[in-house]
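Here's a small problem set to work through with the coordinates open. Try each task yourself before you read the solution.

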Amino acid sequence: MNGSARRRPVRVAVIGLGTVGRRIAAAVSRQSDMELAGIGIRRETPFSFLARRAGASIFSTGAHAAAGPVWELEGAQGGLGDLLGRSDVVADVRQAGLGATLLDEYRSAGIPVVFQGGERAADVELTFSSFVNYELASGKNVVRLTSCNTTGLARLLSTLHREYGVTRADAVLVRCSTDPDKANHGMINGALVTLGESHHGPDLRAIFPGLELSTTSIAVPMSQRHVQALTVQLRTPTHAREIEQLLCRTPRIVTIDRSSANTTNGVAEQFAYDAADSLRTFGDAPELLVWSASIRYEDGVLRLCTAVDMQSITVPETIDCIRRMFSPDLSRSECVRATDAALGLWRNGTSYAQIGLPAVSGAGALT
Ligand SMILES: NC(=O)c1ccc[n+]([C@@H]2O[C@H](COP(=O)([O-])OP(=O)(O)OC[C@H]3O[C@@H](n4cnc5c(N)ncnc54)[C@H](OP(=O)(O)O)[C@@H]3O)[C@@H](O)[C@H]2O)c1
């Protein structure tokens with residue numbers, strides 16, 4: 001991995017063109033300092049067809065591909081080795097838990113890999129959050145992003161901590177049981193309670209020094225956006241209005257106000273609104289959404305409700321992570337701003353001067 005003197009774009013291979021993978025491929029294509037080296041698929045889907053039509057190079061990286069070049073997929077330009085041979089980094093976006101199965105191939109090719117949150121912490125050198133430990137991605141070879149809900153919590157709690165000091169947070173996560181594009185799993189009735197603490201608490205505590213956080217998760221028959229209800233104890237006294245203003249100017253957090261043109265407070269309605277209103281790819285809304293009217297503050301305790309577009313929220317952080325791996329001198333602010341500008345996330349009043357926790361220094365990688 002070269003430093004800031006690097007001139008040519010970073011060549012990114014995306015392996016897996018599912019819910020998150022196709023969004024990462026599209027996001028990479030929009031960065032001026034990155035290039036989509038190719039996309040690894042194991043079968044044709046409408047999305048591989050669209051990717052071809054957009055000019056992407058397709059490689060056959062199914063399980064059989066390890067045996068040598070594979071040409072079963074019509075028009076494929078080769079197998080896994082061919083794709084790795086023309087790439088600087090891999091975004092492995094296969095189903096949760098598959099990541100470790102190709103680690104040896106990535107290591108032999110000498111290529112760093114960025115996984116999503118479905119991979120085990122034990123298989124990676126770093127769990128990455130732009131808001132919490134951006135600096136630590138430099139020099140790492142195997143990194144995973146935080147999961148979708150954890151990414152939202154990391155943005156919010158690190159911002160509150162920086163400003164007021166968070167002494168404790170409790171979050172109830174109401175989760176979609178499937179994605180809009182997945183017909184083969186999900187529940188149709190009831191509520192599935194995660195017994196004990198959900199993985200979000202331990203995941204975030206592991207990278208966020210000293211954070212006292214407990215999470216409870218309930219999956220429900222819903223396919224659009226997770227909803228989070230949070231209770232946060234703050235050290236420095238404040239007001240609901242001040243908190244709202246802080247969140248308003250924070251990158252990747254949007255507040256919605258019932259008095260504005262957008263009056264919705266339902267998740268399905270909001271999703272439909274964003275999709276209709278947005279000129280973004282897939283109608284995505286990668287920002288953490290906060291309902292302004294849900295913000296209540298009394299005697300040091302903040303309560304609020306948020307929503308997470310699980311399909312897209314980790315995409316900007318994935319781009320930050322790749323950029324930081326190859327630009328060790330690039331500050332968090334510069335990197336996040338560059339990603340947001342390319343993805344159309346920047347908006348009036350957003351401040352990039354300070355993002356999340358103060359910069360982490362040294363090699364104290366936390367996973
Ligand atoms: N979906 C979410 O809401 C969400 C949110 C945040 C994080 N994540 C994380 O993101 C990761 C991906 O999740 P996802 O929901 O995007 O999964 P997904 O929709 O199931 O997509 C995974 C894709 O990988 C493909 N694949 C599997 N093995 C492959 C191989 N050897 N070569 C090429 N393609 C291969 C699959 O192909 P087939 O179609 O043939 O199976 C599928 O298209 C997981 O770590 C997950 O935990 C997901």
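What follows is a set of exercises on a predicted model, each with a worked solution.

**Exercise 1. Sort the partners of three salt bridges into buried and partly exposed.**

Step 1: Get the total. The structure holds 19 salt bridges, and we'll look at three of them.

Step 2: Start with glutamate 44 and arginine 52, whose closest N and O atoms sit 2.3 Å apart. Glutamate 44 has a relative accessible area of 36%, so it's partly exposed. Arginine 52, at 25%, is partly exposed too.

Step 3: Now take glutamate 212 and arginine 168, bridged at 2.9 Å between the closest N and O atoms. This pair ties together distant parts of the chain, 44 residues apart. Glutamate 212 belongs to the loop between α7 (200-207) and β10 (213-220), while arginine 168 is in strand β8 (residues 166-176). Relative accessible area comes out at 41% for glutamate 212, which makes it partly exposed. For arginine 168 the value is 25%, again partly exposed.

Step 4: Last pair: lysine 182 and aspartate 179, with an N to O distance of 2.7 Å. Lysine 182 is partly exposed at 28%. The cut-off for buried is under 20%, so aspartate 179, with 15% relative accessibility, counts as buried.

Step 5: Look for shared partners. Arg155, Arg252, Glu317, Asp320 and Asp340 are joined into one network by salt bridges that share partners.

**Exercise 2. Describe the surroundings of arginine 22.**

Step 1: Place the residue. Arginine 22 is part of helix α1 (residues 21-29).

Step 2: Check burial. Its relative accessibility is 8%, so arginine 22 counts as buried.

Step 3: List the neighbours. Leaving out residues up to four places away in sequence, arginine 22 touches Leu17, Phe47, Asp181 and Phe282.

Step 4: Pick out the polar one. The side chains of arginine 22 and aspartate 181 share a polar contact of 2.3 Å.

**Exercise 3. Work out how β10 pairs with β8 and with β9.**

Step 1: Take β8. Its pairing with β10 is parallel and runs over eight bridges. For a register check, alanine 171 has threonine 215 in β10 as its bridge partner.

Step 2: Take strand β9 (residues 192-193). Here the pairing with β10 is antiparallel, over two bridges. Valine 193 stands opposite isoleucine 218 in β10.

Step 3: Put the two together. β10 pairs in the parallel sense with β8 and in the antiparallel sense with β9.

**Exercise 4. Find what lines the second largest pocket and the largest cavity.**

Step 1: Size up the pocket. The second largest one has a volume of about 520 Å³. It is lined by 30 residues, and Val254, Asp274, Asp277, Arg280 and Glu287 are the closest to its centre. The elements giving two or more residues to that lining are α8 (240-248), β12 (253-256), α9 (267-277) and β15 (301-308).

Step 2: Turn to enclosed space. The structure has one cavity of 30 Å³ or more, and the largest cavity holds about 140 Å³ of space. Of its 13 lining residues, Ala27, Thr281, Asp284, Val315 and Leu343 are the closest to the centre.

Step 3: Assign the cavity lining to elements. α1 and α10 (314-326) each give two or more residues, and the largest share, three residues, comes from α1. That's the helix from Exercise 2, where arginine 22 lies.

Definitions and conventions:
Residues numbered from 1 in each chain as written. Predicted model: local features only at pLDDT ≥ 70, side-chain atom pairs only at ≥ 80, totals over all residues. Heavy atoms only, no water. Salt bridge = Lys/Arg side-chain N within 4 Å of Asp/Glu carboxyl O. Buried < 20%, exposed > 50% of the residue type's maximum accessible area, 1.4 Å probe, protein only. Helix = DSSP H or I, 4+ residues; strand = E, 2+ residues; numbered from the N terminus. Polar contact = N/O pair within 3.5 Å; in protein donor to acceptor, adjacent residues only side chain to side chain. Contact = heavy atoms within 4.5 Å. Pairing = 2+ DSSP bridges. 1 Å grid on protein atoms, 1.4 Å probe; cavity = no way out; pocket = protein on both sides within 12 Å on 5 of 7 lines; lining within 4 Å. Points joined across faces, edges and corners; volume = space filled by probe spheres on them.
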